[in-house]
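Let's take a walk through this model, starting with how its parts sit against each other and ending at a single side chain. Keep the 3D view open as you read.

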Amino acid sequence: MINVYPENMGKRWLWERKKDYYYRKAKREHYRSRAAYKLKQLNRRFRILKPGFRVLELGCAPGGWSQVAREIVGSSGFVIGVDLHSVEPLGYENVVFIKGDFTDGEVRQRLRELVPECDAVISDASPEISGVWSVDHARSVELCEKALSIAEEHLVPGGALLLKVFQGELLQGLVEKVRRSFAYVKLTKPKASRSGSAEVYLIAKGFSPLKKGNVYPAKVVGRTGRGDGVAYIKGMKVFVKGAGEGGELKVRITSLKQGFAEAEVC
Ligand SMILES: C[S@@+](CC[C@H](N)C(=O)[O-])C[C@H]1O[C@@H](n2cnc3c(N)ncnc32)[C@H](O)[C@@H]1O
């Protein structure tokens, strides 16, 4: 039998069909983007957003993720979205869109005033595509690093971060940076994302205001049965290996867990 389609043509055809599937589904279910299904799938698996959450969304136009986020957080949470483009209001008073560049100092200041604290930062931001893989990858990582710095400023302890990033050689460095502030970090690709596309999603949970590897002053105020000291630094419970009670110490954070950190005396 003659193979009518070369292998990549077959893959493309399958992708087109799948794209149409999510495109049509989005139209039918009144979502503004097919990307809405990526957030739905990611959230089903990783529970990044929960009812009542305060969500900061970076790169939100045309608003598909915002619709899904609003469905999940309900009327007791809120969603603040930022994009370079203006976004048609969703019609909920707890969903607000800001037009601007989230890497810009003035926009950052506005966010500080509007959302001093949030439970999750989600970013589907894409750089303008140049078509040169290494350039697009580097720009995507740069956007993610800005999003990470926003997350570090706004998230409450235990908060979550979701980032879209284009794969490439700088990805591992980004993952390592995220690991310094979160207890759990994972890269994944939802079904609604084309398998051949460069994008992957980074999920980070259990935000810690203390960074792994950093040194902090600490005062041990208790002891565990295993002989470790207990200290509180920036509101986080920290177990300090082998430390006795009392006195000012300098401790280095050695690992982050959900809800607490471990440290050693320097
Ligand atoms: C893939 S779209 C987001 C789609 C959205 N998740 C949805 O479901 O509707 C990526 C967006 O990132 C935005 N973007 C990229 N860089 C940005 C920046 N520095 N500041 C604000 N928005 C940015 C783009 O304008 C674009 O609208």
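What follows looks at the two domains, then at the interface between them, and then at one lysine.

Bear in mind that this is a predicted model. The domain assignment splits the protein chain into domain 1 (7-207) and domain 2 (215-265). Taken over C-alpha atoms, their centres lie 34 Å apart.

So how do the two meet? On the domain 1 side, 9 residues are in contact with 4 residues of domain 2. Together the domains bury about 390 Å² between them, and 64% of that is on carbon and sulfur atoms. If you want to find the main contributors, look at Pro157, Ala183 and Gly206: they supply 61% of the area that domain 1 buries against domain 2, more than any other three residues.

Now for the secondary structure on that face. Two elements, β6 (182-188) and β7 (199-207), each give two or more residues to the side of domain 1 that touches domain 2. Strand β6 has the largest share, with 3 residues. By type, the residues on this side of domain 1 come out as 4 nonpolar, 2 polar and 3 charged. Even so, the count of salt bridges between domain 1 and domain 2 is 0, and 0 residue pairs are found in polar contact across the interface, with both residues required to be at pLDDT 80 or more.

Finally, swing over to Lys25, found in helix α1 (residues 7-28). Is this lysine buried or exposed? Lys25 counts as buried because its relative accessibility is 18%, and the cut-off for buried is under 20%. Leaving out residues up to four places away in sequence, Lys25 touches Asp20 and Tyr37. Tyr37 is 12 residues from Lys25 in sequence, and their C-alpha atoms are 9.1 Å apart.

Note on methods: Residues numbered from 1 in each chain as written. Predicted model: local features only at pLDDT ≥ 70, side-chain atom pairs only at ≥ 80, totals over all residues. Heavy atoms only, no water. Helix = DSSP H or I, 4+ residues; strand = E, 2+ residues; numbered from the N terminus. Buried < 20%, exposed > 50% of the residue type's maximum accessible area, 1.4 Å probe, protein only. Contact = heavy atoms within 4.5 Å. Domains from an automatic or database assignment. Buried area = accessible area lost by both parts, 1.4 Å probe. Salt bridge = Lys/Arg side-chain N within 4 Å of Asp/Glu carboxyl O. Polar contact = N/O pair within 3.5 Å; in protein donor to acceptor, adjacent residues only side chain to side chain. Nonpolar A, V, L, I, M, F, W, Y, C, P; charged D, E, K, R; others polar.
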